Amino acid sequence: MTTDSTTTVFSTEQVRRARYAVASVFAVHGAVTGSFATRVPWIQDHAGVSAGQLGLALAFPAIGASLAMPLAGAVSHRFGARTALRGLLVLWTLALILPALAPNLLTLCGALLVYGASAGMSDVAMNALGVEVENRLDKSIMSGLHGMWSVGALIGSAAGTVAAHLGADARLHHTIAALVLTALGLIACRRVLDLHSEPDAEAPPRFALPPKSALIIGAVGFCAVFAEGASLDWSAIYLRDVLDSSAGMAAASTTAFALTMAVARIAGDRVVDRFGAVRTVRTGGVLATAGGVLVVTAPNAALAMCGFGLLGLGIAVVVPLAFAAAGRSGPNPSQAIAGVATITYTSGLIAPSAIGSLAEATSLIVSFGLVSVLAFGLVLGAGVLRAGDRKTVSSPDAGVPGTAAAEPRP
């Protein structure tokens, strides 16, 4: 598979502008997720579904994403990276409207399937473009891009919290949010890199199993996302049920964890550039493991919160670096990125229920003991991210995301 790597040339200023444009796209993508998450109770009431039915419905975004993500590479090949991202991002922002319109379980599942499919395809497209910009800058930016996603999610959730507090109809709230985010996304996409395949380049397959490299890299991402999902969904319950903390303290633990991750991701690129991806993830794994151990041994809420903070700090940059490594792991970066994304989406889906099931059979302390073990997996598996290490990989120009990877330095 070939690319237009020699004729597609961008100035330093174009690449720099593209970096900020892609960062804005990440923020818009995160804002959609944040906007949706805060109105789930309203959507549940409107659709008239039970807690168990809601849990079933909330599995459909991951199903939709997993089914659709392999298509992103083919879409980029057919239309070019900028046009593909623009279209897929618009589908994602407008998909925000659908769940609030669903009047019953069946339509809610269908809406969330479309919601997840558009989320997954736009996720792959923007990560692939992020890797391409990183290649041309020859310095780490993926952690910061994912940090911007977290910032967008926080902004979206803050706006959603205000809307919920005011008792706003989620159909109106999500329609307004979708239109605003669509406009912002289209503006941001104007400055992303406009990459195209060579006319005679073979199109990537519409559906294909993830390459072996993606499975190995995805296993590392799985450990990080499992710890993230467990901490976000269960940290408040852990403090309340295990350590008998107040409701305010319990809620603060979740907010602190999310903020720690966002700050660490924004600052993470400098650390990665200085120490490399492997050393950064290995050190992060040590911090996350220590945090998990602190959580399960903490005698009070304050120390447990410190443990959750260490977990967030330790895993913050793993997923961005997993995407970066996937994007340089072989001749089909978008396919590899889609494979890693599928694995991480799956991890995020099963983590909350796995923690709950294990806690019901044993205890929450045992559940977070499992989180600690998986966090230690980052220490053992960090070496597979060497493909994304800025200290060992150069960054020649390439064509459409999904058709080329960087070559090792001589």
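Let's start in a loop: Asp-244 sits between helix 11 (212-241) and helix 12 (247-275). Its phi is near 55°, a positive value in a residue other than glycine. Is Asp-244 buried or exposed? With a relative accessible area of 67%, Asp-244 is exposed, because anything over 50% gets that label.

Keep in mind that this is a predicted model, so a word on confidence is in order. The protein averages a pLDDT of 84, and 88% of the residues score at least 70. Two stretches drop below 50. One is residues 1-7, which still has 18 contacts in the model beyond near neighbours in sequence. The other is residues 393-410, with 75 contacts of that kind.

Back to aspartates in loops. Asp-138 is found between helix 8 (105-137) and helix 9, and here too phi is positive, at about 55°, although the residue is not a glycine. How exposed is Asp-138? Its relative accessible area is 37%, which makes Asp-138 partly exposed, because that label covers whatever falls between under 20% (buried) and over 50% (exposed).

Now zoom out for the overall fold. How many helices and strands does the protein have? The secondary structure comes to 17 helices and 0 strands. Of the 410 residues, 54% count as buried. Looking at contacts with a separation of 6 or more, 84% are accounted for by residues 24 or more positions apart. On the outside, the protein exposes about 16,400 Å², and carbon and sulfur atoms supply 67% of that area.

To see what those long-range contacts look like, step along from the Asp-138 loop into helix 9, where Ser-143 lies. Ser-143 counts as buried, at 0% relative accessibility. What does Ser-143 touch? Not counting residues up to four places away in sequence, Ser-143 touches Ala-264, Arg-265, Ile-266, Gly-268, Asp-269, Val-317 and Pro-320. There is also Leu-321: it is 178 residues from Ser-143 in sequence, yet the two C-alpha atoms are 7.0 Å apart in space.

Further along the chain is Arg-328, in the loop between helix 15 (318-326) and helix 16 (333-361). Being a loop arginine, is Arg-328 buried or exposed? Its relative accessible area is 6%, so Arg-328 is buried. Its C-alpha is 9.3 Å from that of Asn-135, with their positions 193 residues apart in sequence.

Two glycines are worth a look next. Gly-30 is in helix 1 (residues 12-38) and is buried, with a relative accessible area of 0%. Which residues does Gly-30 contact, leaving aside its neighbours within four places in sequence? They are Trp-149, Gly-152 and Ala-153. Gly-30 and Ala-119 are 89 residues apart along the chain, and their C-alpha atoms are separated by 9.9 Å.

The other glycine is Gly-292, in helix 13 (residues 277-297). Gly-292 counts as buried too, at 2% relative accessibility. Setting aside residues up to four places away in sequence, Gly-292 touches Leu-311, Phe-368 and Ser-372. As for Gly-307, it is 15 residues from Gly-292 in sequence and 6.1 Å away in space, C-alpha to C-alpha.

That leaves the largest pocket. About 2,000 Å³ of space lies in it, and 49 residues line it. Which of them lie nearest the centre of the pocket? Those are Thr-33, Ala-37, Trp-149, Leu-232 and Asp-233. You have already met Trp-149, as one of the contacts of Gly-30. Which element gives the largest share of the lining? Helix 9 (residues 142-165) does, with 8 residues; this is the helix that holds Ser-143. By class, the lining has 28 nonpolar, 17 polar and 4 charged residues.

Methods. Residues are numbered from 1 along each chain as its sequence is written. This is a predicted model: local features need pLDDT of at least 70, side-chain atom pairs count only at pLDDT 80 or more; totals for chains, interfaces and linings use all residues. Side-chain values use heavy atoms; hydrogens and water are left out. On a 1 Å grid over the protein atoms alone, a cavity is a set of points where a 1.4 Å probe fits but cannot get out, and a pocket is an open set with protein on both sides within 12 Å along at least five of seven lines; lining residues have an atom within 4 Å of a point. Grid points are joined across faces, edges and corners, and a volume is the space filled by probe spheres set on the points. Helices (H or I, at least four residues) and strands (E, at least two) are DSSP runs, numbered from the N terminus. Ala, Val, Leu, Ile, Met, Phe, Trp, Tyr, Cys and Pro count as nonpolar, Asp, Glu, Lys and Arg as charged, and the others, Gly among them, as polar. pLDDT is the predictor's confidence in each residue, from 0 to 100. Contact means heavy atoms within 4.5 Å. Buried means under 20% relative accessible area, exposed over 50%, partly exposed in between (1.4 Å probe, protein chains only). Accessible areas come from the Shrake-Rupley method with a 1.4 Å probe; for residues, only the protein chains shown count as cover.
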